[in-house]
Amino acid sequence: MAEFGQKNAANPPVAGWKSAPGNGIKLDKHREERVSNGNCSSMSESPKRNQNDSNKHASPKSNEKQELDATEDIPRRSSLIKGGSRGARERKKTVSFSRSLSERKISGAADCIHSMVEGSELRKVRPSSRVYPRYYLLDAGLQALCWEPSKKESDKARISLPSIREVRTGRNTEIFRTSGLYEQISEDCAFSIIYGETYESLDLVANSAEVANIWVSGLRYLLQYGKHALDMIATSRDSLRLGWLERLFSLAVQKDEVRRGDDAEPMIPLPSAIALIQSVNPAVGACRAEHRFHEVLRVHGRTCETGVTTPVKESKWKGGKGNKKIVGGNQQVTKQEFIEVFHDLCTRPEIYFLLVQFSSNKEFLDTKDLMRFLEAEQGMVHVNEDASLEVIQSHEPSEEGRQQGWLSLDGFTNYLNSTECHLFDSEHSAVCQDMGQPLSHYYINSSHNTYLIEDQLRGPSNLSGYVRALKMGCRCVELDVWDGPGEEAVVYTGHTQTPPLAFPSVLEVIGRFAFVASEYPLILCIENHCSLRQQRVMEKHLVQILGEWLYTNPPSEGEWYLPSPDALKRRILLKAQKCGPGSDGVDGEVSEEDEGEEISRKIKADKNSSLRECSDSGAGLTEKEPGQKNLPSSPISPLAPPLSPPLPLPPKRHKLLKELSDLVSLCRSVRFIDFQMSSRSQKPWELCSFHESLAVRLTCENPGDFVNHNKRFLSRVYPNPMRVDSSNMNPQDLWKCGCQIVAMNYQTAGLMMDMNTAWFRQNGNCGYVLRPAIMRQEVSYFSANTREMVPGVAPQLLHVKVISGQNLPRPMGSGAKGDVVEPYVYVEIHGIPADCAERRTRTMTQNEGNPIFDESFEFQINLPELAMVRFVVLDDDFIGDDFIGSYTIPLECVQPGYRHVPLQSLTGEELPYARLFVHVALSNRRGGGKPHKRGLSVRKARKGRSYAALRDLGVRAVDEVFKMAAPLLREATDLRENMQTSVVVFRELCGVSAVANLMQCVRALGSCVSGPDGNPLLLFDLRDDYPALEPQGPLPDVLRRVVSTFEMMVQASRAVVELSDGIYERILHIQTTAMEYHEKLQELVVREGQRGRKISRALESFCWNITLLKGQADLLRQAKAEVRENMKQVHCAALTSSMTKKGSAAGMGGGSLGRTRSLPQCRHPITPPVSASTPGPTRGRGPLP
C-alpha cells in the first residue's frame, strides 16, 4: 500500500490548521508554477515495491527537516496547495489507511483534496481494452483535473471541473462493461468521471479502494460547492467533533489537581489523556495510545519522559495487544496534541467516506440524511425524521449535535458499532417461525452422549454436560442406562472406561434445566441396557422426577403426522424401544440398542487388521469376535484383496418392562431396513436411528428417497463409532436430506459445532427450526445432492463486501511472533452442493489489527433457506495457530446494509471489540442458473434463455395434462425475464451497481441530466399508474437511450401486471387436475407395463412436475409484486429528486398499481440496499421475492 506522505509544513494535522501569516506557500505564486508530475512508474508494481522505492528517496536529513517543519503553523488555503515542481513530486504519494504511527489518515474533505492536489497514479481504461498508466492530479487552482504523461498538449490533457456531470463508482459505464478486462478489474477500485455535453466517460482504476474513495469523495465535494469549496472547508471543518473534544479536554483539566499559572497552556497528564480516549473508545489499547502520544510529542519537539508500563491484570482483552497500564510518567499533553492523537486513533476513514456519501458532503448527517441512509442502506421501513432524531439522541456524543439534530462522524461510528447494526437480524432473537407444523417438519437441536465432556473412551462424565447442552437450546439429550451397584441404574457408555453417573441425579438436572432456554418439547434418547429389576427403579424415577412433564398419551392409529411443537410445549418425550402390540399386560422382548458395543467392535476390528498387516507370512493371527467361530490362521499374501470388515452381528434381545414401555409414546425406536419398507409399514411415531456412515451413504445413493422419508418420520443420526475423540460430523450433510435429529458432541468446539449453534439461533434459539418448504410438501421433488437450480425456487445473488476489520487479536498459538498480525478473510457459503463456495481477501500487512480490505464477492444461492454464511479471519504470517476469529450465520438471519460482524473464538466466545465491517445485499438472479456476464444485450440474453422442462411419466393421461402447461410456463418465463432484463439494462444506463433498485437509479439519473441552463433535460409524468419519462428538449444519444430503455421497462412491467393473473390461474388449474391422479399413480404406471426402477422414476417425475408448476406460479406472482414495488420506487424517487412535471404528481391513485400503498412491508427487499460503491442515498423495502 502506498504511503500518504511524510509530515511536513504543508501537511499538518487537520485539527491543527491555524492561520499564521508568513508561513506556507502563497496561492498566487503557486498558480504561476508549471504543473508537473515527475516520473510515472508502472502500475503493475507491487505495493511492497512502491513502498521500498519511496523509502529510498527519503534521506535521514530530509526526514529530520520535515519533522521540524511539521511544527509550524500554516495558512488554511495554502495547506491545500502543494508545490507544483517536478522535484516536489519525485515520490508518487497516494493514501494509505494502515495504522502505522507515522502515517496520516483521511478524516475530512480537506484531506481528500490535499491528496488529489498531490496526485496519484491511476490506470485509464480505453474502449479497446487497453490500459494506460497515468499520473492524475488537481491543478493548483482546483479548477481542472490534469494528467501526465500524455501525447496530448497540456491544455488538452485536462478536464475542467465545471464540465463534470457525475462521478460514478464501480465498473458502471459501457466502456467498463464491454472491456475484456471486466472480470480482472476490482469493483471497489474502479470509478468513472462523466463529463461534457455528450456525456463522455473517463474510466479509471486505482491501486486500492482507498485511493478510489478519496478521488470520488473529493471530486464530489468540489462539484457540490464549486469555487466555495475551500470556504466550506474552513467554516464547517469538523466543528462538531472539535467542540466536543475541546469540552472533554476542559473537563479533564478541571479534574486535574495540578495547579498552574493563569497564563499556562492547559495540559493533562499522559495517563489521563489515554484514559480519556479509552473512555470514548474502549477498543483503543493503552500501549498503542501511549506510543502515538510519544510520537506526536517527539514531532512537536517536546521532551518525552516515558513512564514504566506494566500489564493490566483486570483486562479482559484476550488478544494480548497493547493493553498495558501506564505507571509513573509525568509527561503532560496539550489540547492540540490530544485532539491530534484522537483523530488518528478514533477516525475510521471507511465510515467517513460513507458519511459524506449521504450527507451531501457535509461533515455530519442531519435527520433527512440519516433517514435516507436508514431506508436506502439499512433496509428499515416506516422511517421518519422522528426515528432519525431518536437515533441521533442515542448515539451522538456531542451536546451541540443532539440539540441541532446532527450526527457527527463519531456519532455515526457509534451507531454503526451498536447492536442495531449487527449482521444478525434481531427479529430472529425470538421465536419467529410457524411452530404449528408436525414435529417431523423441524430440525431439532440434538446432543450425542450428553454426559461426556471429553472423548468417548476414557473421558470424564459430568452432569455439567446436560446443563451446558440444555442452556444452549438443545432439545434432544442422550442417556445410556446400565445396571448399577445396588438398585440404582447408572448412565455411561458401555464397553468403555468412562465413569458412570447416577441415573436419578441425571434426571434431576434435566428436570431443573429442561425448559430454561426453550419451552418446546424435550426428547430424552434412552438406551436401556438394564435388568427388569432395575428397569422398575428407572420407571419409578422417571415418573417421580419428571412427573407431569412426561408425555405418555398413546398416538391415534389414524394420525398421518406427529403433533406440533406448539401442542407439545413443556412436555418431555421419551425416545426408546417399546413392546409390540401383542404384549398387553406383560413384559416384552426387544432388540437391544448399543452404540458403545459398536465402538468396541470397531476398535477390535482395527486391532485385528493391524495385527494381520504387521504379521509375517504364515503367521496369520485372528481374534475371535463374540458369536464368531475360530478361523484357521493362514498366510496373507501381499497380492490378496483387503480383508472385509466383520459382518454385523444380529441384534441382541433383552427383556423390557411393560410399565417402562408405556412411557414411550411419540418416539418409538425401530430398526431401519430400507425406504420401501419404511414407506409401507412405518408409523409416524416410529423413529429410526442411523449411524453417520449409513446416513451419508443413503444421502449419496438415495437422496430423493431420504428426503421423502423425512417428510413424515423423524430420523436421528449419531456420529460414526470411530469418532472416539468426540469429533463432529458435518450436520449440513444430513440437514440437506431433511434429517431432523443430528446428534452433535457439544464438548468439541470447531467448524461443525459453530454451524450447529448458528443454525439454531435463527428461531430464537428454541431448539427447533422449520425445514425448507420444498422438504415439507407432500408432493414435491428435491435431491439433496443437486448441483443445479432447485425446481420452483428462485436463486438469489448474495453480494458481500468485506470493508475492514477492527481490533483483530493475535492467534492464540502465536506467542512468539509479537504484535504483528497479517490477516485475511475467508467468506464461505455452506448449503446444498450447488451453493457451497468460498472466497478470500488479500493479506493485509502493517495494519496493527485494523486492516482495510475493501473487497467484494458474489455468491449464487439456489436454496437460500438452507444456506449459511461464515466469515473466518486467519493470520497469514503465523507461528503455530493461524486462527484469529470466525462468525457463522444463517442466510435467513442476515440483515442487508452496512453491518458489523462480531468475531468469536474457537470455543464460541465473543472476542472483545474484534469485528469485521461488511456490506451485504441480496438480489434476484436474473433468469436463474449460472451468473450471466454483465453487459449482454437483451437480444443475446433471450437467445440463451433456458426454460423449465417438464418430465414425461410414460402414463399417457397424466402426460397429456402436463403438456398443457408447457406453453404457459414458457410464457410466464418470458414475462418475468423480459421485465427483469429491461430493469437490468435501465440500471446499467443509469450507471449504478448491480444491486441498486429503481429508486437509486432515478436519483442517480437526476444528478446528471441538467442542461446548460441548469434545468433538467428529463422529467417524469406521474399522472398515470405507469410513470412516463419525457424529454424537455434535444437530448444527447446517451439520454435518448435512457428514455427508450425506460419505455421498454414500463411496457414489460405492464405486461406482467396485465397477463400474470390469467397465466397463474391456468397453471394452478393444471396442477390441481394433475393431483387428481396422485393417489392412483402407481397403479396407472404398473398398468402401462412399467416395472422396478421405472416405477420409481415415474413417481419422481410426477413430483418434479408438480414442484415445477407450483414454483413457476409463485415466481410469476412475485414478479407482479416486484413490478408494483418498482413503479412505486420510481414515483417516490421522481418526487424527492424534483424530476416531475408540474401538475403531474397525482399518480399511483386508483389504478391497478395504486394498491401498492397498502402492500405489506417485509424485512427483506426484492432489490437489496445498494452497495458501498453506489452514488446517492435512498431505497425502500419491498416484498419478499
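**Exercise 1. Find which residues have the most contacts inside the largest nonpolar core, and which helix gives the most to it.**

Step 1. The largest nonpolar core has 72 residues, and L479 and L524 have the most contacts inside it. Such a core is a set of buried Ala, Val, Leu, Ile, Met, Phe, Trp, Tyr and Cys residues joined through side-chain atoms within 4.5 Å; buried means under 20% relative accessible area, exposed over 50%, and partly exposed in between (1.4 Å probe, protein chains only).

Step 2. With six residues, helix α19 (residues 503–513) gives the most to this core. Helices (H or I, at least four residues) and strands (E, at least two) are DSSP runs, numbered from the N terminus.

Step 3. Leaving out residues up to four places away in sequence, L479 touches residues including F503, V506, L507, I510 and L524. Contact means heavy atoms within 4.5 Å.

The model is predicted: local features need pLDDT of at least 70 and side-chain atom pairs pLDDT 80 or more, while totals for chains, interfaces and linings use all residues. Residues are numbered from 1 along each chain as its sequence is written, and side-chain values use heavy atoms, with hydrogens and water left out.

**Exercise 2. Determine how the buried residues of helix α10 are arranged around its axis.**

Step 1. In α10 (residues 270–280), the buried residues are L270, A273, I274, L276 and I277.

Step 2. Seen down the axis, the buried residues of α10 fall within an arc of 155 degrees, so they line one face of the helix. The arc is that of the directions from the helix axis to the C-beta atoms.

Step 3. An α-helix has 3.6 residues a turn, so residues three or four places apart point the same way.

**Exercise 3. Identify the strands joined to β1 and the partners of L122.**

Step 1. Five of the six residues of β1 (residues 120–125) are buried.

Step 2. β1 runs antiparallel to β2 (residues 131–138), with six bridges joining them; two strands pair if DSSP finds at least two bridges between them. L122 stands opposite R134 in β2.

Step 3. Five residues separate β1 from β2 in a hairpin, and S129 in the turn has a positive phi of about 70 degrees.

Step 4. Four bridges join β1 to β7 (residues 200–206), also antiparallel, and A206 is the bridge partner of L122 there.

**Exercise 4. State whether S726 and Y913 are buried or partly exposed.**

Step 1. S726 has a positive phi of about 65 degrees and lies in the loop between β22 (715–718) and α26 (731–735). S726 is buried, with a relative accessible area of 0%.

Step 2. Y913, in strand β32 (residues 910–924), has a positive phi of about 65 degrees. Y913 is partly exposed, at 39% relative accessible area.
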